[in-house]
Structures are given as C-alpha cells and as structure tokens.
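Here is a short tour for anyone opening this structure for the first time. Have a look around, then read on.

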There are 2 protein chains.
Amino acid sequence: MSKGAHTRSAILDAALAQASEAGFESLTIGVLAARTGLSKSGLFAHFGSREDLQVAAIEAAAARFTAAVFVPALQMRRGLPRLRALFDLWLDWTARSGLEHGCPMLAAAVEFDDRPGPVRDAVADHYARLERELARAVRFAVDERHLRIDLDPAQFAFELLGCVFSYHHSVRLTRRPNALAQARAAFERLVADASPAH
Amino acid sequence: MSKGAHTRSAILDAALAQASEAGFESLTIGVLAARTGLSKSGLFAHFGSREDLQVAAIEAAAARFTAAVFVPALQMRRGLPRLRALFDLWLDWTARSGLEHGCPMLAAAVEFDDRPGPVRDAVADHYARLERELARAVRFAVDERHLRIDLDPAQFAFELLGCVFSYHHSVRLTRRPNALAQARAAFERLVADASPAH
DNA sequence: TGACAAAAAGCACGATCGTTCGTATTATTT
DNA sequence: AAATAATACGAACGATCGTGCTTTTTGTCA
C-alpha cells in the first residue's frame, strides 16, 4: 500500500472514532488534523472538500459494518442460524470494530435525515442495501422452512431494525443495564411469531 | 405575557424548527438570529450561553411533546384505548406541532448520546420520564385486563420505542411509503402477543 | 544516487463561531 | 409626563471554520 493510501485510511480511522463519540457534524478538518498529527492542509489534500471527506467516512463505516456483520454471518448456515448471527453481530459491531462509543452509521442516519446531498445519499444507500440483504436473509429462512411461508420479509426487517435502534438508545442514552436482555427478548418474540404453525 | 417571555418563546419556536430540519448542532446563535430577525447579541441576552439555549430548546421540545401526545391521550379510557392513542399520537406529533421535518428529541438523543453535559442530561431525563409514563400506561392496561397479567411493562415499552424509531427511520431516511402501515402492523403484533390468553 | 512524483507543511484568506461591552431603544410603572 | 427597568442593537474580540496557494519534505523508481 502506498504512503498516501495508508495515511488516508488512518484519517478515516480517526474520522470514525470521532464520529462515534461526537457525531458526523464534529468531523472537522481541524479536529481530524489534531487527531492524526497532520497539518490541516496536509489532511485536506487527501479529500477535495469536507463533504467528500464525510462521504468517504460513510463509505468506510459501511465497509467496516459489512466486514464485522455480514461477512462472519455468511459462515453460518442459511436460515434462522444466519439470521440470529446477523442480529448478534449487529448489536456489538462497533465495539468489535474498535469504536468505543455509538454507531457512526446510526448517527449519520439521524443527522442527515433531512439534509439533501451526497452524504445523505451515501447513508440512505447503505441502509437500503442493508435492509435488502436483511430481507434476503429472511427469505432464506422461509425457504428453509425455519420461518412461516406467508411471512413478510420487509415487515420482519422493519421490526428487526426497531430492536437494534431501541437497543442502541437503551445502551447509549438511558444506559439501562438490561438493554441486551431486552433486545434479545424482542428478537425471540419476533422469531416466535414468524415461526411456522406448530 | 411580558415582552421578554414572548420573544424568548419565539426564539425557541425557531430553534425547534431549525433542530427539526438540521439537528441540534445547527442551533447556532447566528442562524437563530437570522431566523428570528434579532441581532446576535439581542438573542444571546435571552440565554446565558449557547448550551443554556440548547437545554431550553430541549425543555421546550419536551413540553410540546407532552402537550401533543400525553395530554390528548389522557382523554381516552385507561388501558388499551389509551395505549393505542399514545402510539398514534406519537407517530405524527411533530407534524401536528408545526415541525416540518424530523423529531428534534430523537435527533438530540442520538447527537448527545456520548457527550456528557447538561444537554445530554436534559435529553436523558425526557426519555426516562417518557418511558416511565409509557410503562405506567401499560400497567393500566394490565389492570384493566386488556393485556396479560404476566406482561413486563418495561419490555413492552422497549419494543414500542423500537416501533417508533424504526418508523422515523423509514419515513425520514429511506422514505418508504408504507412506513406507517409497517409501524401499525408492528404495534398490532406487540399488542396481540401481550393480550391475555384466549 | 539522482530524477521525478507524491505527500505534507506553511501561510493566508474571508466567513462564522460564541461571547462581551457600551449604547440606544423601547416597555412598564410611578 | 418623568423615572426606571427591560430589551435590543452595533461593534469588536479571539478562535475556529473550510479552502486555496506555494514551498518543503518525503517516498519511489530508473
């Protein structure tokens, strides 16, 4: 790897750590320069603009998410086992990726909700992809007869997303010690209702 | 109402509109001065600092939330009817409160997750209060025998929160047209599982 | 090792940030 | 109407924002 590519990825490392603890709006040239030890102009040269940097950070986060959640989940058998793995890996993917605080992707999703532009597009793209893959994993579970044949995969994905969001909220804001147990219980109820009639 | 109190509330109106569309980090003295037609210093004098302004905005949002969700829901009978009303009122409370974009409270929750300080405290306080009231409404429904006697109210609240979060995400970011239907379906499944054994 | 390209730094710019202070303009009350 | 208090303004501050330009340092390869 060339020197440039190396520092560029070091910058994105710092960017994700920063976004994890203070959101994407805190991704400023000066702050990242201080975090990486580079000069402002030296850092700036790696990206054409702050917006490009933010987009690059989103894409880096998406790549890490895929590597930390989807890739290991693919080693599980299709169907319910893989679905369970997806959920479990999702809940703590940030910690396993070296991020000490919240999920940068979730932060970006809320921050750029209503702000049109390339950053919003990148975030929306990630979630569209994620939800599509999620629905696909649900369809596999249906095909394997692990879940009801008349199950709506999009609805399942919607509610699974709800579990993750509520878990994140419960852990990071209200700091409830039983957040994980509640998330798992919600997941089990979701699976139970989606199971084939006995 | 005195002149000062009147403009102060006008500032908070502008602050919530701004936070709804671009997050709490965008609540800057200059932007709000421009939105209200005041001078920077004139606006600043109403709050001792930017942080105090942000806290005041959180409290204003909490007051509006209560007025738009809890107050009207209290007019319904205790139990499931009131619980349904809470959910329905919650989903579109921002629109009914004159906010054209996302929920400022949810934005603040994610933005200040990992940033200790009075703003985070105010947000966490609102959600703690909200979830406590939610659990109380669930207990009423249990008392009325509308819901199972062995239901865990905190777990119910956790999953209800998940419905709301996922709905917000689906409406604002991914812009799915069937978000409302999915949220209602998730709620119905939640209620069905919490209903007394037939 | 020397030539060339890539990367980082240095410096400066206009704009905006939160904040302070002194002054002018209003409301309110006597 | 005069006196007093409440409100708003204008100007300025040091800091930081994103972004150019030029120079210096560093890495790469013949």
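## A helix and its expected span

To judge how long a helix should be, take 1.5 Å times one less than its number of residues. For α9(A), with 20 residues, that gives an expected span of 28 Å, and the end C-alpha atoms are indeed 28 Å apart, so the two agree. Keep in mind that this is a predicted model.

Is α9(A) enclosed or open to the outside? Of its 20 residues, 17 are buried, so α9(A) is largely enclosed by the rest of the structure.

## Chain A at a glance

What is chain A built from? It has 10 helices and zero strands, so reading along the sequence simply gives α-α-α-α-α-α-α-α-α-α. Taken along the principal axes, the C-alpha atoms of chain A fill a box of roughly 65 × 35 × 30 Å.

Chain A has 198 residues, and 42% of them are buried. Now take the contacts in chain A between residues at least 6 apart in sequence: 61% of these join residues at least 24 apart.

## Two copies and an axis

Any two copies of a chain are related by a rotation about an axis and a shift along it. Here, chain A lands on chain B after a rotation of 180° with 0.0 Å of shift along the axis, and the RMSD is 0.0 Å. The two copies are thus related as by a two-fold rotation axis.

Which residue of chain A comes closest to that rotation axis? The answer is Gly162(A), whose C-alpha is at 2.0 Å.

## Where the chains meet

The contact between the chains takes 36 residues from chain A and 36 residues from chain B. On the side of chain A that touches chain B, the elements giving two or more residues are α1 (3-22), α7 (104-111), α8 (118-143), α9 and α10. The biggest giver is α9(A), with 11 residues. Sorted by class, this side of chain A has 16 nonpolar, 10 polar and 10 charged residues.

Do the copies meet through the same surface or through different ones? They meet through the same surface, because 100% of the interface residues of chain A are also interface residues in chain B.

For a close-up, try Val110(B), which sits in helix α7 (residues 104-111) of chain B. Val110(B) counts as buried because 26 other C-beta atoms lie within 10 Å. Setting aside residues up to four places away in sequence, Val110(B) touches Leu106(A), Ala107(A) and Val110(A). Within chain B, Val110(B) and Cys163(B) are 53 residues apart in sequence, with 16 Å between their C-alpha atoms.

## The nonpolar core

In soluble globular proteins, nonpolar side chains tend to be buried together. The largest nonpolar core in this model has 120 residues, and the ones touching the most other members are Ala15(A), Ala57(A), Leu160(A), Ala15(B), Ala57(B) and Leu160(B).

What does Ala57(B) touch, leaving aside neighbours within four places in sequence? Ala57(B) is in contact with Leu12(B), Ala15(B), Leu16(B), Ala19(B) and Leu27(B).

## Around the DNA

Start with DNA strand C, which has 22 residues around it. Gly4(A), Ser41(A), Gly42(A), Ile29(B) and Gly30(B) come nearest. The elements giving two or more residues to this surface are α1 and α3 of chain A, together with α2 (29-36) and α3 of chain B. By class, the surface near strand C has five nonpolar, 12 polar and five charged residues.

DNA strand D is surrounded by 22 residues too, and the closest are Gly30(A), Ser41(A), Gly4(B), Ser41(B) and Gly42(B). Here the elements giving two or more residues are α2 (29-36) and α3 (40-44) of chain A, plus α1 (3-22) and α3 (40-44) of chain B. The surface near strand D divides into five nonpolar, 12 polar and five charged residues.

## An arginine with a positive phi

Arg175(A) is not a glycine, yet its phi is positive, at about 55°. Arg175(A) lies in the loop between α9 (153-172) and α10 (179-194) of chain A. Is Arg175(A) buried or exposed? With 11 other C-beta atoms within 10 Å, Arg175(A) is exposed.

In chain B, Arg175(B) likewise has a positive phi, near 55°, and its place is in the loop between α9 (153-172) and α10 (179-194) of that chain. Arg175(B) is exposed, with 11 other C-beta atoms within 10 Å.

Methods. Residues are numbered from 1 along each chain as its sequence is written. Chains are lettered from A and ligands numbered from 1 in the order in which they are written. This is a predicted model: local features need pLDDT of at least 70, side-chain atom pairs count only at pLDDT 80 or more; totals for chains, interfaces and linings use all residues. Helices (H or I, at least four residues) and strands (E, at least two) are DSSP runs, numbered from the N terminus. A residue is buried if 20 or more other C-beta atoms lie within 10 Å of its own, exposed if 12 or fewer, and partly exposed in between; C-beta atoms are placed from the backbone. Copies are superposed by least squares on the C-alpha atoms of residues with pLDDT of at least 70 in both. Two residues are in contact if their C-beta atoms, placed from the backbone, lie within 7 Å. A residue is near a molecule or strand if its C-beta atom, placed from the backbone, lies within 6 Å of it. Ala, Val, Leu, Ile, Met, Phe, Trp, Tyr, Cys and Pro count as nonpolar, Asp, Glu, Lys and Arg as charged, and the others, Gly among them, as polar. A nonpolar core is a set of buried Ala, Val, Leu, Ile, Met, Phe, Trp, Tyr and Cys residues joined through C-beta atoms within 7 Å.
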